[in-house]
Structures are given as C-alpha cells and as structure tokens.
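Biologist: I'm new to this one, so could you walk me through it with a few questions and answers?
Modeller: Happy to. Let's put it up and begin.

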Amino acid sequence: MSHQLPDVQASQPDVTVGLSQVGVTGVDKLVKIARDGKRPLVLMAEFEVFVDLPSGRKGIDMSRNMQVIDETLEAAVSEPAYRVEDMCGDAAERLLAKHDYTSTAEVRMTADYVIREDTPASGLPTQSTITIVASATATDEGTREEIGAEVTGMTVCPCSQGMSASRAREVLQDLQVDDGTIEEFLDTVPQPGHSQRGHATLTITADGSPDVDLREIAELARDSMSARIYNLAKRPDEDHMTYQAHADAKFVEDCVRSMAEQVVEEFDHLGDDAVVHMKQSNDESIHQHNAHAEREVTLEQLRAEVDNQ
C-alpha cells in the first residue's frame, strides 16, 4: 500500500514589516586586483551582500544577489580594478539597480593580504598577514565606500609594569643604591608587565572612494600598539620586540587614541565628513576576559578633539 506524504508549507506571518538588512553571508570568491607595473594581486575574499526590505514585501530575490556578485567579480577579472572598495561599490550599485523595491544595498568584503617585510633586528625576509576590510553602501543619493585593515601586534599593561617598577625601586633602595641611579636605571630598562596579543582595526569611509592607501592604513594600525610582531623571529628579533613593547606600554584605550592622532596627522587631505572607525581588542594573558575599546567618529569631530589636547 502506498502512502502519500502530506503537503507541508512553511508558515507565513500575517503581518509583514520592513527589514533593514536581508541577504547572504559567507560567499567566497576569487578576486584579482590590478597593480601598475606589477603582477595582479589575487585574493580569496569573503562577501556579505544585503538589501533593505520594505514593508509589504515578504522576501528578496536571493538569486539576484548571487548573480550580481558573480557579474561584478567576472568584470573585475576582465577589466582593470585597482581598489577593493571600488569593487564593493560597483557591486552595491548593481545590487541597487537589480532590486527596484529596495532603497539601500550594502556589500562587505574581507580577505587576507600578505605583506613582505624584514625582521626588525636580524633583517631576515618574512611575511605578515593583514585582513583587508572593505564595504560599500549604495542609495539613490550616491555610494559611500569603506577601506581598512585589521592587524595584529603586541601590547603591555602599564599598570602591571608600574607595580614591577615599584618593586624594583624598593629592592634597589634596600641594596643602598642612590635614588638618582635608581631612577636612571628604571628610565633606561623597562620593567616587566603582562603582555597581550592585540588586534587593531582601522577603516575610513567616505563618499565615493576614500583617498587613502590600504598599506598606509595597515602600517598606521600596527604602529598604534606597543610593538609590531613578526611571523619569523630570531633571538635578536624577540629581544627587539620585547624591549619595544615594554618601552611603550599601552592600554586598549591608548591604542585607539594613538590611531586617532595618527589619522588626523596622516590623512589631513580627507574631508571633514569622512568617518573613521577605530577598534582595539586584546587577548589578555593573565585574565580570563579580554579588553576592548572602540570609536567611530567623523574626521571633523576627531580633528577638533585632537587639536584641543
């Protein structure tokens, strides 16, 4: 005897409300970026694609989102594309055009990017990996694009270091070392403090394409922490990184403030309406929690705050 399966349909809500973001995430695509006088840069990128959904419409055309990403990346392979943020902008504008019911389309992209460099003390060639962060939001008023990077580094806790310095001062006083020599020693030799691996993220958003270089953003973010770290480290390199980190101990808040000061100094050509997103997260070594600091602000406001210091 045959059994016929019942006709099962997904339940639909009686009320349809508007949604700010509906789309797809975790889309991996191979991206080729042209470079003047150099071989193209090939990236394995992950995309997120969203459109807003007005009330009265139950869902988006999901297949169109995948189609527009494929079309954009195919165009990037066949035609010169020099900036990942412009690629995101192109995709967002195509998305907006293909969905006549939507007023906002957003495309986000992340990808690992390898930088070649030399170790700080031994001078050996090595590589460092940064994460490219790019996005674009397209509306009828125009397109805003974001470009930036997430990098890793090292920080040292100033509070922990201060306690170590106090202990060293007491020991040296017990050994009858004069105060002048003690202070000179402590100024010359940074005392121990618990260290963390830090993750700094810095992005710039502007109308159209932000007039900033990705490598410059990454360098600025790396310099905001206590010290840079490297994949390869011989003993002289380890000593260099450890000394530099302890000579410039920073809290997460200090790292964000360092990014802010550098952005104001290095990107003085950008307009006041550009938006700066700064974030520092530390993997704490002696705590079971992590530390985090973050700020998003217009360049106009950031300049005013830095100038008033």
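Biologist: Let's start with L302: is it buried or exposed?
Modeller: Keep in mind that this is a predicted model. L302 is found in helix α8, which runs over residues 299–307. Its relative accessible area is 3%, and the cut-off for that class is under 20%, so L302 counts as buried.

Biologist: And how far apart are the C-alpha atoms of L302 and D272?
Modeller: Along the chain, L302 and D272 are 30 residues apart. In space, their C-alpha atoms are separated by 9.0 Å.

Biologist: Moving on to charges, how many salt bridges does a search of the whole structure find?
Modeller: In general, side chains of opposite charge can pair when their charged atoms come close. One such pair here is E117 with R222. Searching the whole structure gives a total of 16 salt bridges.

Biologist: Which parts of the chain does the pair of E117 and R222 link?
Modeller: The closest N and O atoms of E117 and R222 are 3.0 Å apart, and both residues are buried. They sit 105 residues from each other along the chain, so to speak in distant parts of it. E117 belongs to strand β3 (residues 104–118), and R222 to helix α5.

Biologist: R222 also forms a salt bridge with E219, so is E219 buried, partly exposed or exposed?
Modeller: The closest N and O atoms of R222 and E219 are 4.0 Å apart. Both lie in helix α5, three residues apart, or about one turn of the helix. R222 is buried, because its relative accessible area is 3%. E219 has 25% relative accessibility, so it counts as partly exposed.

Biologist: What about R257 and D254: which helix holds them?
Modeller: Their side chains meet in a salt bridge, at 3.6 Å from N to O. R257 counts as exposed because its relative accessibility is 51%, while D254, at 27%, counts as partly exposed. They are three residues apart, about one turn, in helix α7 (residues 252–266).

Biologist: Which residues do salt bridges that share partners join into one network?
Modeller: We've already met R222, which pairs with E117 and with E219. Following the shared partners gives one network of E117, E219, R222, D223 and R228.

Biologist: Now the cysteines: how far from C157 is the nearest cysteine sulfur?
Modeller: A search of the whole structure finds zero disulfides, and C157 is in none. C157 is buried, with a relative accessible area of 12%. The nearest cysteine sulfur is that of C159, and the distance is 5.2 Å.

Biologist: Which residues form a positive surface patch?
Modeller: One of them is R215, which sits in helix α5 (residues 214–223). R215 counts as partly exposed because its relative accessibility is 35%. The full patch is R35, K38, R39, R116 and R215.

Biologist: Last one: what is phi of Q176 near?
Modeller: Q176 lies in the loop between α3 (158–174) and α4 (179–188). Q176 is exposed, because its relative accessible area is 74%. Its phi is positive, in a residue other than glycine, and the value is near 65°.

Terms used
Residues are numbered from 1 along each chain as its sequence is written. This is a predicted model: local features need pLDDT of at least 70, side-chain atom pairs count only at pLDDT 80 or more; totals for chains, interfaces and linings use all residues. Side-chain values use heavy atoms; hydrogens and water are left out. Patches are made of residues with over 30% relative accessible area and no salt bridge: like charges are joined within 9 Å, nonpolar side chains (Val, Leu, Ile, Met, Phe, Trp, Tyr) within 5 Å. Accessible areas come from the Shrake-Rupley method with a 1.4 Å probe; for residues, only the protein chains shown count as cover. Lys and Arg count as positive and Asp and Glu as negative; His and the chain ends are not counted. The place of a charge is taken as NZ of Lys, CZ of Arg, CG of Asp or CD of Glu. Helices (H or I, at least four residues) and strands (E, at least two) are DSSP runs, numbered from the N terminus. Buried means under 20% relative accessible area, exposed over 50%, partly exposed in between (1.4 Å probe, protein chains only). A disulfide is a pair of cysteine sulfur atoms within 2.5 Å.
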